[in-house]
Amino acid sequence: MPSLELGESIPPDTAHAVSVSLPTWKSNIGYEEGESWVLEKMATGYPRFFIHRSISELGQSIVTIFGKPGEQAMLFSTPAAAQRCLDFMRERASALLSAQFHLLPFRLDLTENTSSVLSGLSSTVAAALFPGEVFGLAKQYWQHTGDGISSRRAEFCHDLLRAGVLVPNLPTSTAREPPLKPSRGPRRYQRTGSVDETHGTKDVTTASNDSRESSRFLEERFGRNLDLTLTEKARSAIRRRIAGSLVGEIDLSTELSGDVPACSVRVKNLNEADIYLFPAGMNAIFNSHRALMTARGKLQSVNFGFPYVDTLKILEKFGPGCIFYGFGSSADLDSLERRLKNGEQVLALFCEFPGNPLLASPDLPRIRQLANEFDFAVVVDETIGTFANINVLQYADIVVSSLTKIFSGDSNVMGGSAVLNPGSKYYYPLKTAMDMVVEDNYWPEDIIFMERNSRDFLGRVERVNANAEAICDILRSHPFVKELYYPKFNPSRGNYECCRLPNGGYGGLLSVVFNEQSTAQAFYDAMDIAKGPSLGTNFTLCSPYALLAHYNELPWAAQFGVDANLVRVSVGLEDKESICDTFRRALNVAEAANIERV
């Protein structure tokens, strides 16, 4: 995919894209600085950082109809999630402002004739309403937890709201009916009703005709866009694919029954019910942490290795605290062991395998040994390595992953998973806790898209592995390259090999640091590929990772080896020679820029 215009969705013309084009080094800085010349051109953004237009529009409609002047709404899939957001905000806002927070859940107002169309929706939407001046707190919760609704859910629910089908789930005395436009929907939803109307005087024939018209309206408008009958089969197919027992094309019209059989890709006795799906990868981490605290009590956790930013925030903000080891080294494990021997207790150790963006792999066998000796759980994020390349469940109690990335590949749907190890000593309390805290908040249409996207997952990973190694060979030999980070060439490669599958590769993510900042900028600007946030896309995608993830804490990131000028590359499925030529051309431009500067 060639470089796109500033602010265009990646992929282009994709309503629910999960990335956005920031094609120059300067535009990335402008985005972080909040400069209007960047923000005003952005059609979308990464969904946990940028609230999609369809979500904003639904929130604005809810505030206009049911809220008060000056209020804003943050939208969630369940009342419990909205309440967690409000509780998070109350802990950090003044009592005066907290008194104005309130929860507004919605339900479907279905008639007998319309219930069959939408009866498969187990949840709709719930709004956390609050004064606009504390929006930043709500945005923190949204970003960290991944609890917010998806853009597809918002789009769908907004239509239901306009049609009068989505209504507040409150006593009628506490909520206003929406002022619907006469041109929207059938006659049933055009009438606003009247306090002077006498009950029981309406003609029965008219009522019957309206009901049939409502049913036809919903069937035509919603039924064709969201085939709820396929949702559970798609959910099952995704779980089986994650377990490793289902590959390739399937027909969702065919029943998928029974547990997932034992599979060498994971561990023995892994059942479909041990795999939980979430609307985002970070939501899988958030709920795994919640389940661990429910099962084992509220103890501090360990974040081991340089973290994805929101994992650390979850451990710091949603529990009794976090011990942070930013290098993820043997020396860090020595330090942790000393603390444990001195009597410190920890809930769990969270790590990535390999890490992002330095691609270092922690020593999972030693971590497992310490966990067994000192009684803590191990949670491994395998998003970068992917279970097509590695098996980390053998050392973990929970394995989490962002399905948004290479599992989907198409960059048009979010998702996450958590897999419980049935051989873990914590399995039964964790299973009970997960079943208690996990809500059904993955929107059916997103599930269906995820299942379709992931059917060729294994083949795509194999091709991405080969392309990434070829690009590494080009970069490693270039005199302007100061550091290249990739699991195959990392000093921690031995740790990676402990988990690499016999036919597994080293993944599609690499990072490069040049000798000069100007070289990095010239290289980035010259790359004729998609440039923006996210990774694991079917097309090659790159970003100046430290600028986007740690712009306000660059010195902090630098002390752990994350250079401010690091360029992270997520390698795609392009023809190998073609993508290699793209990198060679960008390096030539960087060389020329360096000569001109001298």
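**Exercise 1. Establish why helix H7 (residues 135-145) counts as largely enclosed by the rest of the structure, and find what covers it.**

Solution. The structure is a predicted model.

Step 1. Eight of the eleven residues of H7 are buried, so the helix is largely enclosed by the rest of the structure.

Step 2. The buried residues are Leu 137, Ala 138, Lys 139, Tyr 141, Trp 142, Gln 143, His 144 and Thr 145.

Step 3. The cover over these residues includes the helices H3 (53-66), H4 (79-90), H12 (281-296) and H13 (309-317), together with the strands E3 (71-76) and E5 (126-131).

Step 4. Directly after H7 comes Gly 146, with a positive phi of about 70 degrees.

**Exercise 2. Determine whether Asn 283 is buried or exposed, and which residues it contacts beyond its neighbours within four places in sequence.**

Solution.

Step 1. Asn 283 belongs to helix H12, one of the elements that cover the buried residues of H7.

Step 2. Its relative accessible area is 0%, and the cut-off for buried is under 20%, so Asn 283 is buried.

Step 3. With neighbours within four places in sequence set aside, the contacts of Asn 283 are Thr 145, Gly 146, Asp 147, Phe 278 and Asn 441. Among them, Thr 145 is a buried residue of H7, and Gly 146 is the residue with positive phi just after that helix.

**Exercise 3. Describe the largest pocket: its volume, its lining and the element that gives most to that lining.**

Solution.

Step 1. The largest pocket holds about 1,000 Å³ of space.

Step 2. Its lining has 45 residues, and those nearest the centre are Phe 49, Tyr 308, Val 309, Leu 548 and Ala 549.

Step 3. At least two lining residues come from each of helix H1 (25-32), H7, H12, H13, E12 and helix H21 (545-550). H7 contributes the most, with six residues.

Step 4. Sorted by class, the lining comprises 21 nonpolar, 15 polar and nine charged residues.

**Exercise 4. Trace the surroundings of helix H11 (residues 231-243), then follow one of its packing partners, strand E13 (416-420).**

Solution.

Step 1. H11 has 13 residues and spans 19 Å from first to last C-alpha, close to the 18 Å expected at 1.5 Å a residue.

Step 2. Eleven of the 13 residues are buried, so H11 is largely enclosed by the rest of the structure. The buried residues include the charged side chains Lys 233, Arg 235, Arg 240 and Arg 241.

Step 3. The buried residues of H11 pack against strand E7 (275-278), E13 and helix H17 (444-453). Just after H11, Gly 244 has a positive phi of about 100 degrees.

Step 4. In E13, five of five residues are buried. Gly 416, Ala 418 and Leu 420 lie on one side, Ser 417 and Val 419 on the other, and both faces are covered.

Step 5. E13 pairs antiparallel with E7 over four bridges, with Leu 277 opposite Ser 417. E13 is also antiparallel to strand E12 (residues 398-402), through five bridges; there, Ile 398 is the bridge partner of Leu 420.

**Exercise 5. State how many cavities of 30 Å³ or more the structure has, and characterise the second largest.**

Solution.

Step 1. The search of the whole structure finds five such cavities. The largest has about 270 Å³ of space. It is lined by 24 residues, of which Pro 47, Ile 149, Ser 150, Ser 151 and Met 414 are closest to its centre.

Step 2. The second largest cavity has about 150 Å³ of space. Of its 17 lining residues, Ile 384, Thr 386, Ile 406, Gly 508 and Leu 509 lie nearest the centre.

Step 3. Helix H18 (residues 457-476) supplies the largest share of this lining, three residues. The class count is seven nonpolar, nine polar and one charged.

**Exercise 6. Compare the backbone and exposure of Thr 386 with those of Asp 375.**

Solution.

Step 1. Most residues other than glycine have a negative phi. Thr 386 has a positive phi near 65 degrees, and Asp 375 has one near 60 degrees.

Step 2. Thr 386 sits in the loop between E11 and E12, whereas Asp 375 sits in the loop between H15 and strand E11 (377-381).

Step 3. Thr 386 counts as buried at 8% relative accessibility; Asp 375, at 38%, counts as partly exposed.

Key. Residues are numbered from 1 along each chain as its sequence is written. This is a predicted model: local features need pLDDT of at least 70, side-chain atom pairs count only at pLDDT 80 or more; totals for chains, interfaces and linings use all residues. Side-chain values use heavy atoms; hydrogens and water are left out. The expected span of a helix is 1.5 Å times one less than its number of residues. Buried means under 20% relative accessible area, exposed over 50%, partly exposed in between (1.4 Å probe, protein chains only). Contact means heavy atoms within 4.5 Å. On a 1 Å grid over the protein atoms alone, a cavity is a set of points where a 1.4 Å probe fits but cannot get out, and a pocket is an open set with protein on both sides within 12 Å along at least five of seven lines; lining residues have an atom within 4 Å of a point. Grid points are joined across faces, edges and corners, and a volume is the space filled by probe spheres set on the points. Two strands pair if DSSP finds at least two bridges between them.
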